[in-house]
Amino acid sequence: MSKGIGAPSATAVDLSATIPGGYMEHAGHGDTSIRSSQTRPSPAIRKSDGLAREVICIGDYKLVPSRRLLTKRGEIVRLGSRAFDILVALSDRAGEVVSQRELIGKVWPNVFVEDVSLRVHVAALRKALDCDGTRFLANVSGRGYSLLAPVSRTVIEETPEPDSAVEPAYPLPPPLARIVGRDENVREIRGKLLSRKFLTIVGSGGVGKTTAALATAHSLLGEFLGAVCFVELGPVGSPQFLAVKIMSAFGLPVQAQDPVPELIEHLRRKRVLLVLDGCEHLITEAAMVAERLFRGVTNLHILATSREALRAEGEYVHPLPPLISPPEDVTLTAAEALAYPAIQLFFDRLAGAGFGDVLSNEDARIVGDMCRQLGGIALAIELAAGRAATCGIRDTASLLKSRFALLWPGRRTAPARQQTLYATLDWSYNLLSDTERTVLRRLSVFAGSFTAEAAQEVARGDLELEEVVEAIGRLLEKFLASIDPSDPCTRYRLLDTTRAYASRKLEEAGECELVRRNHALYYCELLRATSANERGTDKAAASAMDLDDVRAALRWAFGKGGDALLGADIAAFSAPLWLGRALLTECRVWMEKAASVSCDAKGAPTQQQLRIQIAFASTELFTSGFTGNTIAAWTKTLERAQALGDKPAQLMSYLVLWGGEIRAARYLDALDTAKKCAALANGSSDAGTLAMGEWMVGHSKHHLARFAEAREHLLHGLQIDTEAARFASTKETGYDRRIDAFCILSNTLWMLGKPDAAKAWENRALAEAKSLGFTIPIGLAMSWALLNGHLSEPDYDVVERDAVELLEQSRMHSIDSDAGFALCIMGLCQAKRGQFGAGARLVAEGLRVLVGAQMEAFSALIISHTCEAAISADRTQDALFWISQLRSADHDQEHWCSSEILRVRGLLAFALDSQDDAEAHFRNAVRIARQQGALSWELRSTISLNRLMLEQQREKEALDALEAVYAQFNEGHSGTDLLAAKRQIEELRIRLRVPR
C-alpha cells in the first residue's frame, strides 16, 4: 500500500474503469468500492467515452447519488444532507432492516451521535417520502429502519459525438488517449469556431488550452474534409520565423522575405482550419499574421491558443475555465466526488500511473482540497497525481504549497515548458515586462485574496501608482492573477503554485523583507481604521477575507527578522476580527505574544495594553468560561480601564463580570453589577452605552422574576440603541446584546401570558442572528427558542428537531453551553415519550456539560422538569434523586422559575400521598407566580392544583380557579398548557353540568 493512503473501508472508493472524458461511477450495493486495477470495469458500468450516472428509482422517486439529487415526477424534492445520506444508505439495502448503529456509522462516520439525532432526520425523510400517504419507510421496533418501496437501478449514459474517420491532410498531432472533463468545452469551442471563424482560446498556463484545441481540431476533421493544420509555435524563438513555420506546416516552400501573401494565395480557394498553438511569446507577430490571413482568405477558420488575447481584427475570445472542483463547504463521499472533473482527472492519472490502492472518503476530500488549491489547472493536477502515485495522497498534499511542487515532473513527451510547473511559470514570467515581473513578485506576499487598494499599497514601492494598476490589469489578462469568484466584491488572488514561484523570485530579487514590512504596515493601518470606524469610500474595512493576510503579517512581525512592536499593534487592532468569528484559540496565541512585547517595551502605549488585555480576557472567557482566571483577567481589565478613565472598557468589563454572575445564577449580584454599569452609562451622551445599561438591568430583572420591569428596561434599551454601538460591542466580544434582548423579551412575554407576542420576538431573534452570521448570537437565539418551544410546543417531534439542530451547530463551533442545553431538552423529550431511563441519561450528560461551561441559569428548571418526568413515569425514587440536585439558592431566593420548582415539589408530594404538603406547594407556587406577574407559571400551577382538588372531589373550586386564570389569556391558545387547561375546564363543566 502506497504511503499516505488509508486502509480500505466499507465507505472507501476504489478506482475502477477510467472513463475518458466522462465520469467514473458506481452502482453496487453495500460496499461502495471502485478499484484502480484496470483489468475489468465495474459490473454496473461499462467502459465508454461518455458520461455515466447511476439513477436509483424508488417508486415515483428518482435518486441520483452523484448529484445529491432526489426528484419526484421531475420535481426536485428538498432534503437535508443527513436525510439524503440516510436515504442512500437505506436504498443500498432496500427491503432489509438497517440498524440504527449502522445508519449512524454511515451518515456520521467517526462521530458520536445520539440515537435521537437519527430519529429526527429519519422523521424529515419520512415526511418527504410519505407525503402522498404511501408508506415508504418503516421503523422496525428495536431493530432499525427499512425502505419498503420497490427499488431499481439504472445507469444513464451520454455519448459524445464520435471522432471523424477522415485522415488529416496536414500535420496534426494524435489526440490524447484520455481527455477528462472537457467534452462540453470542446463542443462550445467547436460551435463558436464554425460560426465566428476566428477564435482564440485563452487561459492560464497548463489549464488545458492545447488539449481543448487539439480535441476540437480532431472533431472537425470531417467538417473540413481533413484540411486541418496544427502549428505548434512554442519552439519558434523569433517572430520573424512565425510565418515560415506556418508555411512549412502546409508543406509550402518559403521563397519570399514575407511569405504571408503566398500563403494567402495558396489558401484562397480552400476551406481550411488553421490551429495556432501557443501564441503568447510571439503575441504581436501572431496577431498580425492571423489578422492578415483572416482578411485575405474567405474560407479560412483560425483557432489560436494563448495566455492572453491576440487583440486582432475579427477575433473572438473564449476563456477556458479551470476544471471544476468540489466546493470547500460540501462533504462528499468518494463516489460523489468523482462527479467533479478536476477529481476525475486526478484519479484518472493516478490509475494510469499504476496506483492500485483503495481510496477512502477522506482521500477524496484531500484530493478535492488539492484540486482547489491548484485552481483546477489540468497540468498542475496531472503533476500532483503523478507524485501521489509514488508518494501517497497525504504526503503529496502536505508538500503542495511548498516549492518542491514546482519541480514535480510531468510527461517526458510534453513540451519543455510543460514538463514541470516551474517551467510553465518560468515561460510566462519571462514574457512579462520588467514592471509586470516586479508587481507579480510583490503580490506573492499576499496569503489570500486581496483588494486593488491592498495590491497598490503593498506592490508600489519605487513604482508609480499608474504603473502598478496597469501591471495588475496585464497580469489578469495573462491569467497570472485572477478575480476571486468567492467574493461578491472585486478581489484578486494568485494560485498557490504561482504564489510559490513568485515568492522565490521575490527572494532572488532581494525584496522580501521590504515588501513584507509594507504588507504588515498596510494591514495594521487597515485594522486600525476599521477599529476606529474610519471606513470611508477610500478605505475598505478588514473582513474575514483578510484573515489569511493578517495571519501572515503577524507571523512575519513576530518571527525572526520581523518587527515585534508592529506585530503588537496588528494583534491589538485585529482582536475584533478573531473574536467576531469565534477564532478564539488563535486570538489568544496572538494576544499572548503581543502582551509580552507590549509589557516589555518602554513607552508602549497604555491604550494598546488595554486593547490587548481586553482581547486576552475575552479569549479566556470564551475558551475557558467563567473560571477564576477569567474573573481575574476581567477584574484586571476593569482596574486598568478605571485607571485610564476609559469608560467603554469599564462598561465592557462590567458587562463580562455581570455575565459570569448571570451564568452562575447569582442574580442579585448580577443586578448590582448591572446597576453600576447603568450608572456609569448615565453619565454618557452615547445612546449605545445607555442602551447597554438598560439591557443588563432588564436581563437581570427577568432572572429575578420582575418580569414587567424587565420588559420596560429591555424595550427602552432597544429603542435608544444604535446600530453602530451595537455592532461595535458585538465585534469586541462576539456577543450581541440586541439578539439577547429579543430572546429575553420573548421569554418574558411568555411568562406574562403573551405567547403569540413571545413567538414574534423569538422569530425576530432567530432571523436577525442568522443574518448577522456570528456563531454565538445564532446559538443564543436557538437556545431561547428551544426553551420556549419546550415550554409551549405540544409536538415533541418539533422540539426534538430544533434540539438536534442546536446540538449539531454547537458541536461544529465547540460551544459547550449550547450543546449541554440541547442535550438536556433532547433528554426531556425522550422522557416524555416514556423512555425515562434513556432520557435521564441524556439530561445528566447535558447538565454535566453545562456545569463544565459554567452555565447554570437553566439548570434548576431542567432538574425540576426531569423530576416531573420521573413522577409521570411512576419512578418515585428517581424523582427524589433529581429534586435533591437543586442548589440551596433555588430554595431560598425567588427567581424566574421559583414557581415552577414549587409546583414540581407539589407533584412529588402528591405522588408520595402527602396531599396537604402538595396543596401547600401548589398554592405557594400560584401565589409567587401571581406576585411576579408570571401568568403562564400561574396557569401551570393552577392546573396541577386542580388535579389535587379533583382527587378530593372539589370540582367547583377547581373550575372557578382555573377559569379565572384561563380568562386572562387572550392569545396563544394552541400552546401545551392552554390546551390542557381548556380540556380540564370542559371536563369540569360537563361533570358539574355547567352550561357553556
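**Two sheets and a helix pair**

Let's start with the five-stranded sheet: it is open, its strands pair in parallel, and their order is β11-β12-β13-β10-β14. The edge places go to β11 (228–232) and β14 (316–319), which have a single partner strand each, so one side of each is left without a neighbour in the sheet. Keep in mind that this is a predicted model. Further along there's an open sheet of three strands with antiparallel pairing, plus a packed pair of helices, α34 and α36.

**The parallel sheet**

- Going from one strand to its neighbour, the average turn is 20°, with direction ignored.
- At the β11 edge, five bridges in the parallel sense link β11 to β12 (residues 272–277).
- If you want a residue pair to look at there, take Cys-229, whose bridge partner in β12 is Leu-274.
- Helix α4 (residues 183–196) packs on this sheet and touches β10 (198–202), β12, β13 (300–306) and β14.
- The direction of α4 makes about 150° with that of β10.

**The antiparallel sheet**

- Here the strand order is β6-β8-β7.
- β6 (97–99) and β7 (137–140) are the edge strands, and each of them pairs on one side only.
- The twist from one strand to the next averages 30°.
- β7 and β8 (residues 144–147) run antiparallel and are joined by four bridges.
- For a spot to zoom in on, Val-140 has Gly-144 of β8 as its bridge partner.
- This sheet has a helix packed on it too: α2 (residues 100–107) touches β6 and β8.
- The direction of α2 makes about 70° with that of β6.

**The α34/α36 pair**

- Helices α34 (residues 816–832) and α36 (residues 859–872) pack with their axes 10 Å apart, at an angle of about 15°.
- Angles under 35 degrees count as roughly parallel, so α34 is roughly parallel to α36.
- As for handedness, α34 passes α36 in a left-handed crossing.
- On the α34 side, the contact is made by Phe-821, Cys-824, Leu-828 and Ala-831.
- α36 brings Ile-862, His-865, Thr-866 and Ala-869 to the contact.
- Sorted by type, the contact residues come out as six nonpolar, two polar and no charged.

Technical notes
Residues numbered from 1 in each chain as written. Predicted model: local features only at pLDDT ≥ 70, side-chain atom pairs only at ≥ 80, totals over all residues. Heavy atoms only, no water. Pairing = 2+ DSSP bridges. Axes fitted to C-alpha atoms, helices over the stretch in contact; angles between N-to-C directions. Contact = heavy atoms within 4.5 Å. Parallel < 35°, antiparallel > 145°, perpendicular 65-115°, else oblique. Left-handed = near helix turned anticlockwise from the far one by under 90°. Nonpolar A, V, L, I, M, F, W, Y, C, P; charged D, E, K, R; others polar.
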